[in-house]
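Biologist: Could you take me through one part of this model in detail, namely the second largest pocket and the helix packing beside the elements that line it? A careful, connected account would suit me best.

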Amino acid sequence: MKNALKKNFFHISVCLIFLLGIFLRFKTYFYCKPLWGDEAALALNVMDGSFLDFLKPLNYVQCAPFLFLSFTKILTGIFGTSEYVFRLIPFVSGILSIFAFYFLSKQFLNKKWSILAANYLFCVNYNMIYYSEEFKQYSVEVLVTILSLLYLTKLDTGSLNTKKCLIIGLIFSVLFLFSIPVIFILITFIIYIAYKNQKKSIKQIFFILTPFVLLFIPYYISFLLPSKNIMQMYYWDEKNIYLNFQNFGYITKEFMLYLYRINISPLIAIVLTVFGALITLIKKKSETDILFLTLISVAIISSFLHIYILYNRLGLYLYPVLLLLIVKPLDILKLNKKLNILISLVIVFIFGFYFRMNGIKHIQKFYNREIFYETKVNDIVNFLHKKIKDDDIFIIGNYTAIEYYCRRLNLDLKHKILLKYSGTENDIKFLDKLAPDKAYWFLNSGRPYATLDRVPYKWAESGMGKITQEFRSSIKNKPDIIDYAIQINKLK
């Protein structure tokens, strides 16, 4: 028995890691946290839009690939519009990513302890768990990245005929409609075959790109370009998150903190990543090694050229590659077995247990469902369902989440909404002009109480109004986030 365990230790460990990763994702998915603003905004696009509408810029400053939205719409048509249905595709993608990453890690790493460390870190990573139960496309992007790299590393690039090249182009055309960043993997592959096959590659590249370009051009004109302009206007330009030589260090630091959620300096993550990249560059390189390094280079250059940002969740598709680079130094350590195990455990501890957001207590706090909450807007809408009257007037902050849950309870607030406020001075001036001797409901979802959403309280405290009804719901782990419904009577 002991010998059998020793002999099968690696496979038993892999199975236990798989079970842990699946358990964490299932548990989080079935917590069924309320949809927050961005999720609700995307959900409203799916509920209100047709399949053709997904080929145009979306409402509420959102952006998601065509097939991701289309398959979600099919699911909602069959199973309804609950949170579970909207999050089903990210959830399934998160589960499949666990198994796909294992095969990718075996392609890139050699030692069993390295493979075990990488897979454990992947399974317990906060973002990999969180985005497996959020209705956004980032979990799908991670899965598509892993599957694309696995597929490309299995190809015999020396024998790519016209038929195979067209198939590659068609496959990436379909994947592109699930994951926009997959274009960088295709560019990476084209660079690789141009380097390896030289003159022979011209014909191969032409037939790979032909089906992809035929899809890309109309999709870019109708959806990507206008969507990019909208996102830049509202977010990207304002936050200055495209890479440049001035902010490179800051963006790299923030990106590493975001990916690993470590509670210490990101210097360790940066050093290990660079060290892993150098090892990969110096040693005898496989096709997988070259694809990994080229992909990271393409992603960095695209951000410098203002094509696509490499920041926070938009760069999450690179996580599998960056994680494998961090673990890569374990592959070259020529130490005794016990010391190698010890170093592996240190890396696992740093990135697997020491989380930036919640510290070492994260493991405990995970069992509190509110750890992943961004809003408790469903409590607010349930309260309103009992209190609402025909002549009520509403002033709403963060409209999308409130609208989604109102629809779930068949509450129609559209004709009752006087203003969607954001807490600006113009809003305050508008409120001052409201008709007196009337009651107004102020609703808020998932934004910091201490900043924008003190507006109704300030208005009442100034003597302009009197609070007559109030319902507040807060998240224990995020005391600055308060959802509320407040009724204020405007005084003369």
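**The second largest pocket and helix H16**

Modeller: In this predicted model, the largest share of the lining of the second largest pocket comes from H13, which supplies five residues. Helix H13 (248–260) is joined in that lining by helix H14 (267–282), helix H15 (287–304) and H16, each of these four helices giving at least two residues. In total 18 residues line the pocket, and those nearest its centre are Met256, Thr273, Ile296, Ile300 and Leu322. The space lying in this pocket amounts to about 390 Å³, and by class its lining holds 15 nonpolar and three polar residues, with no charged residue.

Helix H16, one of the contributors to that lining, spans residues 319–327 and also packs with helix H6 (residues 88–108), the two axes lying 11 Å apart at an angle of about 45°. An angle from 35 to 65 degrees falls outside both the roughly parallel and the roughly perpendicular ranges, and H6 and H16 are therefore oblique to each other. Their crossing is right-handed. On the H6 side the contact is made by Phe101, Leu104, Ser105 and Phe108, and on the H16 side by Pro320, Leu323, Leu324 and Leu325. Sorted by class, the residues of this contact of H6 with H16 comprise seven nonpolar and one polar, with no charged residue. Charged residues are thus absent from the lining of the second largest pocket and from the contact of H6 with H16.

Technical notes:
Residues are numbered from 1 along each chain as its sequence is written. This is a predicted model: local features need pLDDT of at least 70, side-chain atom pairs count only at pLDDT 80 or more; totals for chains, interfaces and linings use all residues. Side-chain values use heavy atoms; hydrogens and water are left out. Axes are lines fitted to C-alpha atoms, for helices over the stretch in contact, and angles run from 0 to 180 degrees between N-to-C directions. Angles under 35 degrees count as roughly parallel, over 145 as roughly antiparallel, 65 to 115 as roughly perpendicular and the rest as oblique. A crossing is left-handed if the near helix is turned anticlockwise from the far one by less than a right angle, and right-handed if clockwise. Contact means heavy atoms within 4.5 Å. Ala, Val, Leu, Ile, Met, Phe, Trp, Tyr, Cys and Pro count as nonpolar, Asp, Glu, Lys and Arg as charged, and the others, Gly among them, as polar. On a 1 Å grid over the protein atoms alone, a cavity is a set of points where a 1.4 Å probe fits but cannot get out, and a pocket is an open set with protein on both sides within 12 Å along at least five of seven lines; lining residues have an atom within 4 Å of a point. Grid points are joined across faces, edges and corners, and a volume is the space filled by probe spheres set on the points.
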